[in-house]
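Ready to practise reading a protein model? Work through each exercise below, try it yourself, and then follow the solution step by step.

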Amino acid sequence: MSTVRVLVGTRKGAFILTSDAKRESWDVSGPHFAGWEIYHLKGSPADPNRLYASQSSGWFGQMIQRSDDGGQTWEPVGNKFEYEGVPGTHQWYDGTPHPWEFKRVWHLEPSLTDPDTVYAGVEDAALFRTTDGGQSWQELAGLRGHGSGASWAPGAGGMGLHTILLDPINTGRIFIAISAAGAFRSDDAGATWRPINRGLKSDYIPDEEAEVGHCVHRIAMHPSRPDVLFMQKHWDVLRTDDAGELWHEVSGNLPTDFGFVIDVHAHEPETIYVVPIKSDSEHYPPDGKLRVYRSRTGGNDWEALTAGLPQRDCYVNVLREAMAVDSLDPCGVYFGTTGGQVYASADAGDHWTPIVRDLPAVLSVEVQILP
Amino acid sequence: MIRVILPQHLRTLANVGREVTVEVEGPATQRSLLNALETRYPMLRGTIRDQVTQQRRPLLRFFACNRDLSYEPPDDPLPVEVTTGAEPFRILGAIAGG
């Protein structure tokens with residue numbers, strides 16, 4: 001029987017949750033890197049026991065940890081993230097130029113085929129890559145250098161590059177997203193980039209339909225249809241059917257279209273999940289009810305999934321990295337909250353149970369299926 | 001031998017106890033001490049000084065002999081008591097963040 005491994009990054013360490021394919025009984029390991037912020041940890045699709053973790057601290061800076069045994073032991077690897085050339089400036093919150101400064105790694109995306117190749121999305125926004133298992137990192141500077149970088153500005157949480165999607169069919173195509181610059185695409189393995197934000201409308205920037213400046217929170221892709229992307233923006237849920245050439249809104253009947261996470265069912269490319277959050281000034285679910293919303297039609301028509309989730313007095317948030325799906329049948333769906341709960345559904349969202357209830361605030365959730 | 005007291009998180013990271021000792025070749029300064037420390041414990045690179053600028057991280061302090069040495073030039077000699085091992089060089093995290 002398969003093993004399910006859920007990788008959880010929190011404000012105060014990493015946790016690894018394991019179960020068999022029934023996904024009913026869970027072992028909890030951790031905290032790993034106790035006391036450190038773990039923005040993200042993720043396993044290599046090419047070697048599931050190769051894990052990478054972003055470990056950071058306001059005091060001690062950024063570490064990258066690597067495991068070759070599924071998280072039983074870890075080894076610090078390279079943590080030197082140096083922008084290529086003269087870093088230049090981006091826009092600060094008040095509109096003034098601000099020097100590009102490395103702060104932390106928000107997201108680690110291992111290559112689909114090579115365990116030693118990993119992409120890192122960092123704050124201040126840039127994309128780095130290692131091809132030696134994390135020992136050294138090089139910036140893919142064409143992203144910051146494509147032309148609009150000087151006008152990018154941070155979102156409230158910082159100017160982080162938080163989403164990296166590797167196209168499994170059109171190899172060489174990479175999608176990324178930055179708060180609050182927007183979405184970008186490369187068709188040549190990261191050498192050159194262009195914004196893909198047409199169709200996005202954001203009333204918090206002077207030109208609502210500007211080429212860049214949109215606060216994209218998350219983008220999700222089904223690997224069988226990489227030209228179809230789903231986006232949770234600061235406000236609005238959107239989709240594109242042409243790899244980002246044009247987006248259109250699919251918020252439909254959601255109670256609020258603000259939120260952070262979005263993900264796609266492992267076997268149904270038109271089934272998507274979001275967790276609506278009340279507003280950008282009230283980062284908690286509407287009416288104190290924690291509800292996952294599922295659309296089986298690729299958006300617009302949404303149903304609330306509530307079985308097993310708190311339906312009163314719940315005021316947690318679900319952050320952008322904190323949802324994942326597994327590839328079992330039926331598809332498992334997982335998400336973590338700022339209240340320290342990690343919820344799992346073994347039936348595509350129909351029913352939910354908490355795996356753990358009292359972790360530190362959850363920053364990221366990833367899941368692996370091991371044979 | 002120079003004695004260095006590390007903050008808790010760096011002890012865990014380097015898998016060492018509260019105090020470590022390092023040998024510094026040539027004049028003992030903050031820079032040469034930290035170079036020696038990072039050579040012996042490579043996992044500490046970037047945690048005390050920024051990897052690129054080599055500046056002390058803003059929320060860390062260097063204390064020795066009842067003095068705050070955090071703002072001393074990095075190439076100034078360390079106090080004799082530190083270089084002789086009579087007093088430790090303390091690296092500590094600022095009390096911040098609640």
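**Exercise 1. Find the bridge partner of A:Glu109 in E11(A), then describe the strands around E11(A).**

Keep in mind that you are looking at a predicted model.

Step 1. The partner of A:Glu109 in E11(A) is A:Tyr119.

Step 2. Now look at the strands themselves. Strand E10 of chain A, residues 104-110, pairs with E11(A) in the antiparallel sense over six bridges.

Step 3. E11(A) also pairs with strand E12 of chain A, residues 126-130, again in the antiparallel sense, over five bridges. Within E12(A), A:Phe128 is the bridge partner of A:Ala120.

Step 4. Trace the chain from E11(A) to E12(A): a hairpin of two residues makes the connection.

**Exercise 2. Decide how well E11(A) is covered, and on which faces.**

Step 1. Strand E11 of chain A spans residues 118-123, and six of its six residues are buried.

Step 2. Recall a general rule: in a regular strand, side chains alternate between the two faces of the sheet.

Step 3. Sort the residues by side. A:Val118, A:Ala120 and A:Val122 lie on one side, while A:Tyr119, A:Gly121 and A:Glu123 lie on the other, and all are buried. Both faces of E11(A) are therefore covered.

**Exercise 3. Why can strand E22 of chain A be called largely enclosed, and which strand does it pair with?**

Step 1. Count the buried residues in E22(A), residues 258-264: seven of the seven are buried, so the strand is largely enclosed by the rest of the structure.

Step 2. Look for its partner. Five bridges join E22(A) to strand E23 of chain A, residues 272-277, and the two run antiparallel.

Step 3. Pick one of the bridges: A:Phe258 is matched with A:Ile277 in E23(A).

**Exercise 4. Find which residues of helix H2 of chain B are buried, and work out how they are arranged.**

Step 1. Helix H2(B) covers residues 30-40, and its buried residues are B:Gln30, B:Leu33, B:Leu34 and B:Leu37.

Step 2. Look down the helix axis. These buried residues fall within an arc of 95°, so they line one face of H2(B).

Step 3. A general rule helps here: an α-helix has 3.6 residues a turn, so residues three or four places apart point the same way.

Step 4. Ask what lies over that face. The cover for the buried residues of H2(B) includes strands E1 (2-5), E2 (19-22), E3 (60-64) and E5 (89-93) of chain B.

**Exercise 5. Examine the backbone at A:Asp124, A:Ala180, A:Asp236 and B:Asn15.**

Step 1. Start from the usual case: most residues other than glycine have a negative phi, and most peptide bonds are trans.

Step 2. Check the peptide bonds. The one joining A:Glu123 and A:Asp124 is cis, with omega about -5°, and A:Asp124 sits in the loop between E11 and E12 of chain A. The bond from A:Ser179 to A:Ala180 is also cis, with omega near 5°. A:Ala180 belongs to the loop between strand E15 (174-179) and strand E16 (182-186) of chain A.

Step 3. Check phi. A:Asp236 has a positive phi of about 95°, and B:Asn15 has a positive phi of about 60°; neither residue is a glycine.

Step 4. Place these two residues. A:Asp236 is in the loop between strand E19 (229-233) and strand E20 (237-240) of chain A, and B:Asn15 is in the loop between helix H1 (8-14) and E2 of chain B.

Step 5. Are the two buried or exposed? A:Asp236 counts as buried because it has 23 C-beta neighbours inside 10 Å, where 20 or more are needed. B:Asn15 has 8 such neighbours, so it counts as exposed; the limit for that is 12 or fewer.

**Exercise 6. Describe the surroundings of A:Ser364.**

Step 1. A:Ser364 is part of strand E30 of chain A, residues 362-370.

Step 2. It has 27 C-beta neighbours inside 10 Å, so A:Ser364 counts as buried.

Step 3. Leaving out residues up to four places away in sequence, A:Ser364 touches A:Gly9, A:Tyr39, A:His40, A:Leu41, A:Glu321 and A:Ala322.

Step 4. Return to A:Glu109 from the opening exercise. A:Ser364 and A:Glu109 are 255 residues apart along the chain, and their C-alpha atoms are separated by 13 Å.

Methods:
Residues numbered from 1 in each chain as written. Chains lettered and ligands numbered in written order. Predicted model: local features only at pLDDT ≥ 70, side-chain atom pairs only at ≥ 80, totals over all residues. Helix = DSSP H or I, 4+ residues; strand = E, 2+ residues; numbered from the N terminus. Arc of directions from axis to C-beta. Contact = placed C-beta atoms within 7 Å. Pairing = 2+ DSSP bridges.
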